[in-house]
Amino acid sequence: MEKIIEYIRKVSEKLDKARIMTFCGTHEHTIATYGIRSILPENIELIPGPGCPVCITPASIIDEAISLALNGVEVITFGDSFKLPGIKWTKKDYPKNLMEAKERGGLVRVVYSPLEVIKEKDKEKVFLAIGFETTVPATISLLERSSNIKILSAHRLTPPVMKYALEKHGKGNINGIIAPGHVSAIIGAKSWEFLPKEFGIPTVISGFEPTDVILSIAELVMMIKNGDAKLVNTYNRVVKYEGNVRAQKAIEHWFEVKDASWRGFGIIPNSGLFLKEKWKYLDAYWQYGLKLEEGENDNPPGCRCAEVTLGMTKPNDCPHFLKGCIPERPYGPCMVSAEGTCRIWAMVFGRKKG
Ligand code: SF4
């Protein structure tokens with residue numbers, strides 16, 4: 001490891017500055033937990049990117065899920081979405097999140113896997129399906145095996161938001177990208193070829209161990225120094241060029257790609273997965289006539305989560321960070337999930353401070 005760090009130091013001496021965006025919350029988790037920023041030369045900046053699916057789930061989806069739960073429909077959710085705030089609570093007396101809806105008598109159940117409910121035939125349930133491409137196969141297992149559940153799809157696609165983030169940063173301001181590992185296992189390394197080809201940005205698909213991340217940074221600084229934009233897969237023990245073709249076919253069978261709303265960002269073209277028309281009897285949007293609003297202004301007042309998620313500001317620039325917004329009582333969405341940058345920084349740096 002020391003030799004690789006030495007190598008990074010040597011190569012980066014010839015660089016002005018290298019701004020590297022890490023897409024995944026899990027990469028940011030590794031970087032913050034193992035203090036990787038502190039061992040890199042000052043001219044290498046690691047910027048956390050938009051890879052937290054909970055952080056970008058539109059507030060109106062949460063408000064609609066709360067409304068279903070309060071009206072007798074059981075809402076099934078993963079633990080990391082239980083405290084995810086909606087937006088209605090900021091204007092009127094309304095539960096802030098599904099946890100508060102449950103406290104007020106709403107039907108909400110937290111599961112480790114949606115498969116926990118497949119055999120239940122009593123009352124109708126809605127599964128709050130949050131996640132990027134990685135979690136869609138679990139939703140499909142549910143669709144294939146249960147006749148008693150509707151899907152509220154908040155599934156979002158990663159390549160379109162990567163493009164969106166790059167456009168927000170502006171040409172030339174991101175010099176390298178660490179692309180997601182888990183997502184790439186599904187969609188394949190091929191899905192990131194557009195980054196070097198269209199944007200001219202060196203890109204490395206990385207695993208999540210500290211050594212994986214440091215190796216990926218070494219690959220990137222070398223490419224940046226040589227002005228050589230390529231796609232490199234350092235996680236080939238898991239990620240194949242074509243990805244998981246069986247999973248891709250299953251996704252295509254059930255879902256279609258449409259424009260979708262992202263929390264704090266608004267609509268991003270072709271960035272969401274929604275059940276196809278022929279499966280509408282399984283679709284909570286159709287079944288319950290749910291209406292979703294665009295997500296551009298759906299963070300609570302003062303919350304800077306949209307900028308944090310795009311890597312345009314840091315959590316400690318937000319006035320609420322570790323004051324009104326803490327992991328136990330999140331005010332904004334980036335403090336909720338273990339993949340949210342604010343929560344990661346609160347857990348790592350907040351603990352050190354305290
Ligand atoms: S600290 Fe809380 S309020 Fe501030 S940006 Fe992060 S999630 Fe939003």
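These questions and replies cover the ligand site and a four-stranded sheet in a predicted model.

Me: What makes a residue count as being around the ligand, and which residues are they?
Reply: The cut-off is a heavy atom within 4 Å. The residues around the ligand are C303, R304, C305, C318, H320, F321, C325, Y331, G332, C334, M335 and C342.

Me: How is that shell divided by class?
Reply: Nine residues are nonpolar, two are polar and one is charged. Cys, Phe, Tyr and Met count as nonpolar, Arg counts as charged, and Gly is among the polar ones. So R304 is the charged residue of the shell.

Me: Where does the ligand sit, and what makes that the right word?
Reply: The ligand sits in the largest cavity. "Sits" requires more than half of its atoms to lie within 2 Å of the grid points, so the ligand meets that test.

Me: Why are strand 3 and strand 5 called paired?
Reply: Pairing takes at least two bridges. Strand 3 (residues 74–78) and strand 5 (residues 125–131) have three bridges, in the parallel sense, so they pair. I76 has F127 of strand 5 as its bridge partner.

Me: What is the strand order of the open sheet, and which strands are its edges?
Reply: The order is 4-3-5-6, with parallel pairing. Strand 4 (108–111) and strand 6 (149–155) are the edges, as each pairs on one side only. Neighbouring strands are turned by 25 degrees on average, direction ignored.

Me: Which strands does helix 4 lie across, and which does helix 6?
Reply: Helix 4 (residues 59–70) lies across strand 3, strand 4, strand 5 and strand 6, at about 160 degrees to strand 6. Helix 6 (residues 136–145) lies across strand 5 and strand 6, at about 165 degrees to strand 6.

Notes. Residues are numbered from 1 along each chain as its sequence is written. This is a predicted model: local features need pLDDT of at least 70, side-chain atom pairs count only at pLDDT 80 or more; totals for chains, interfaces and linings use all residues. Side-chain values use heavy atoms; hydrogens and water are left out. On a 1 Å grid over the protein atoms alone, a cavity is a set of points where a 1.4 Å probe fits but cannot get out, and a pocket is an open set with protein on both sides within 12 Å along at least five of seven lines; lining residues have an atom within 4 Å of a point. Helices (H or I, at least four residues) and strands (E, at least two) are DSSP runs, numbered from the N terminus. Axes are lines fitted to C-alpha atoms, for helices over the stretch in contact, and angles run from 0 to 180 degrees between N-to-C directions. Contact means heavy atoms within 4.5 Å.
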